[in-house]
Amino acid sequence: MKNICWSVIGKLANIGGVLLTGILIARYLGAEQYGLMNYVISYIAIFITISIFGLDAIEVREFSKLSNSNRIYEILGTSLGLRAVSSFFTFALALLISMFIPEASKIIDFIFIYALCLFPNIFNNIRNFYFAKLENEKVVKAEVVRTLLGMSFKFILLWCHATLVWFIIAMSLDFFLVATGYISSFIKDGYDFRNFSFSKSLAIKLFSESLPLLISSLTVIIYHKIDQLMLGNMIDMKALGLYAVAVRLVDVVAVIPTIIVQTVTPVLVRKKETDKSTYKKNRLAFLGMMEWISIILSLGTLIIAYPMVRYSYGIQYVMAVPILQILIWKIVGMTMAAASGQLIILDSIQKWVVLRNIVACVLCVTLNAILIKEYGLAGAAIASVLTLLFSSFVANVFIPAYKEIFIEQCKAIVYGPMILVAELKTLRINDNK
């Protein structure tokens with residue numbers, strides 16, 4: 001629970017900092033330049049995923065299994081080497097592909113500057129080491145300091161009336177700041193980089209095990225970001241700026257169900273291990289709670305969309321209101337994906353997730369190509385919502401291992417409130433006893 005609390009604090013601090021500076025920067029830059037900045041960020045986000053190479057989850061697992069502390073340096077050194085090679089290769093690939101983007105000459109400098117953030121990500125293995133040791137506090141402190149320093153720098157840029165290039169430099173600098181925090185904590189705890197070692201056999205193992213995770217992560221980031229890239233290419237950067245505002249507000253609202261999923265999941269894990277007879281009821285209540293919370297959040301945002309945009313980003317972004325009213329229904333898909341994803345992991349049936357994500361990625365690109373051409377910004381929003389609902393809900397009916405989860409999702413939608421009330425009554429009775 002202590003580590004969950006630190007994770008929540010870190011997430012809230014990061015979201016709060018990003019939202020505040022994002023609003024001020026969006027107001028200052030205007031829709032067109034704000035759209036250009038988000039185009040660069042969305043483009044490089046795909047290559048960040050490639051550079052990580054799916055190593056995050058594998059590293060946490062390997063560190064968690066350690067009984068011999070001497071192997072810490074072997075795992076850290078090997079993963080650091082893999083990450084370094086991957087980052088240099090990905091950096092070159094990002095620049096090479098950017099040359100084929102329409103009007104590349106106008107954005108190649110921005111892409112080069114922001115792509116530098118690929119290199120500090122090499123040290124994310126230190127973050128994963130602390131996660132595995134259940135020392136989230138050190139990671140969160142580094143990230144909160146990064147957020148505060150990054151916000152201060154951006155406020156100075158706003159005060160100085162800086163140009164767009166300086167804000168992209170500031171976004172890239174955020175990654176260097178947090179990496180410095182990880183390294184400082186690592187050295188402060190008495191660890192020595194000179195003890196790092198590289199194991200060829202371990203590198204081969206990490207590479208082979210992380211490849212499927214890379215494919216899965218890449219498909220997910222593509223269908224989360226491709227709509228913004230396609231909007232920039234098919235319409236213009238001003239349209240992307242309006243769309244990016246709606247995306248940012250959706251991400252803020254999505255924090256609530258994300259935190260709840262992270263908090264409730266450990267309870268489900270314990271329940272499955274200790275009381276399997278009630279585990280089935282508990283997971284159904286969990287799905288019902290998450291689905292109805294997301295529906296209520298979406299409805300609430302739909303109603304207050306205008307004041308949300310008008311009094312945060314300003315009058316120049318009010319055209320983003322109808323986009324937000326469509327895009328907010330992503331929350332339902334995102335929440336269903338997060339909740340069902342935890343159940344899939346608990347049931348150890350995650351091998352089909354890669355296939356599901358690949359199909360969703362293809363569907364997303366296809367829908368965006370058709371709907372953006374036909375309906376513009378609204379088309380991109382509709383494509384994004386449909387893709388998430390497909391990957392988190394509809395696709396489960398076509399995968400035999402996930403059919404039970406699909407049935408439970410349907411029950412949760414129809415009977416969710418009643419199931420949740422019944423569970424709460426049971427808890428009250430048990431407490432009284």
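Biologist: In this predicted model, against which helices do the buried residues of helix 5 pack?

Modeller: Helix 5 covers residues 104-115, and its buried residues are Ala104, Ile107, Phe110, Ile111, Ile113, Tyr114 and Ala115. Taking these buried residues of helix 5 as the starting point, the helices against which they pack are helix 2, helix 4 (71-98) and helix 8 (164-188).

Biologist: Which helix gives the most to the largest nonpolar core?

Modeller: The largest nonpolar core has 82 residues, and among its members Met37, Ile44, Tyr243 and Tyr317 touch the most others. The greatest contribution to this core, 14 residues, comes from the helix that runs through residues 31-52, which is helix 2.

Biologist: Which residues does Tyr243 touch, leaving aside those up to four places away in sequence?

Modeller: Tyr243 is one of the residues that touch the most other members of the largest nonpolar core. Once residues up to four places away in sequence are set aside, the residues that Tyr243 touches are Asp227, Gln228, Leu231, Ile323, Leu327, Leu377, Ala380, Ala381 and Ser384.

Biologist: How many residues make up the second, separate core?

Modeller: Leu55, Ile72, Ala132 and Val139 are included in this second core, which is separate from the largest one. The number of residues in the second core is 24.

Biologist: Is Ile215, a residue of the nonpolar surface patch, buried, partly exposed or exposed?

Modeller: Ile215 makes a nonpolar surface patch of about 400 Å² together with Phe207, Leu211, Ile358 and Val362. Its place is in helix 9, and helix 9 gives the most to the patch, with three residues. Buried means under 20% relative accessible area and exposed means over 50%; because the value for Ile215 is 36%, this residue counts as partly exposed.

Biologist: How far apart in sequence are the parts that the salt bridge of Lys154 and Asp174 ties together?

Modeller: The closest N and O atoms of Lys154 and Asp174 are 2.8 Å apart, and both of these residues are buried. Lys154 lies in helix 7 (residues 136-159) whereas Asp174 lies in helix 8, so the parts that the pair ties together are apart in sequence by 20 residues.

Biologist: Which residue forms a salt bridge with Glu59?

Modeller: Glu59 is in helix 3 (residues 55-64), and its partner is in helix 4, 24 residues apart from it, so to speak of this pair is to speak of a link between distant parts of the chain. Both partners are buried, and their closest N and O atoms are 2.9 Å apart, the partner of Glu59 being Arg83.

Biologist: In the salt bridge of Arg194 and Asp192, what is the relative accessible area of Asp192?

Modeller: The side chains of Arg194 and Asp192 meet at 2.9 Å, N to O. Arg194 counts as exposed because its relative accessibility is 73%, whereas Asp192 is partly exposed, with a relative accessible area of 22%.

Biologist: What is the radius of gyration of the protein chain?

Modeller: The chain has 16 helices and zero strands, and its C-alpha trace spans about 65 × 55 × 40 Å along the principal axes. For 433 residues the globule rule gives 22 Å, and the chain is as compact as a globular protein of that length because its own radius of gyration is close to that figure, at 22 Å.

Note on methods:
Residues are numbered from 1 along each chain as its sequence is written. This is a predicted model: local features need pLDDT of at least 70, side-chain atom pairs count only at pLDDT 80 or more; totals for chains, interfaces and linings use all residues. Side-chain values use heavy atoms; hydrogens and water are left out. A nonpolar core is a set of buried Ala, Val, Leu, Ile, Met, Phe, Trp, Tyr and Cys residues joined through side-chain atoms within 4.5 Å. Buried means under 20% relative accessible area, exposed over 50%, partly exposed in between (1.4 Å probe, protein chains only). Helices (H or I, at least four residues) and strands (E, at least two) are DSSP runs, numbered from the N terminus. Contact means heavy atoms within 4.5 Å. Patches are made of residues with over 30% relative accessible area and no salt bridge: like charges are joined within 9 Å, nonpolar side chains (Val, Leu, Ile, Met, Phe, Trp, Tyr) within 5 Å. Accessible areas come from the Shrake-Rupley method with a 1.4 Å probe; for residues, only the protein chains shown count as cover. A salt bridge is a side-chain nitrogen of Lys or Arg within 4 Å of a carboxyl oxygen of Asp or Glu. The radius of gyration is taken over C-alpha atoms; the globule rule is 2.2 Å times the number of residues to the power 0.38.
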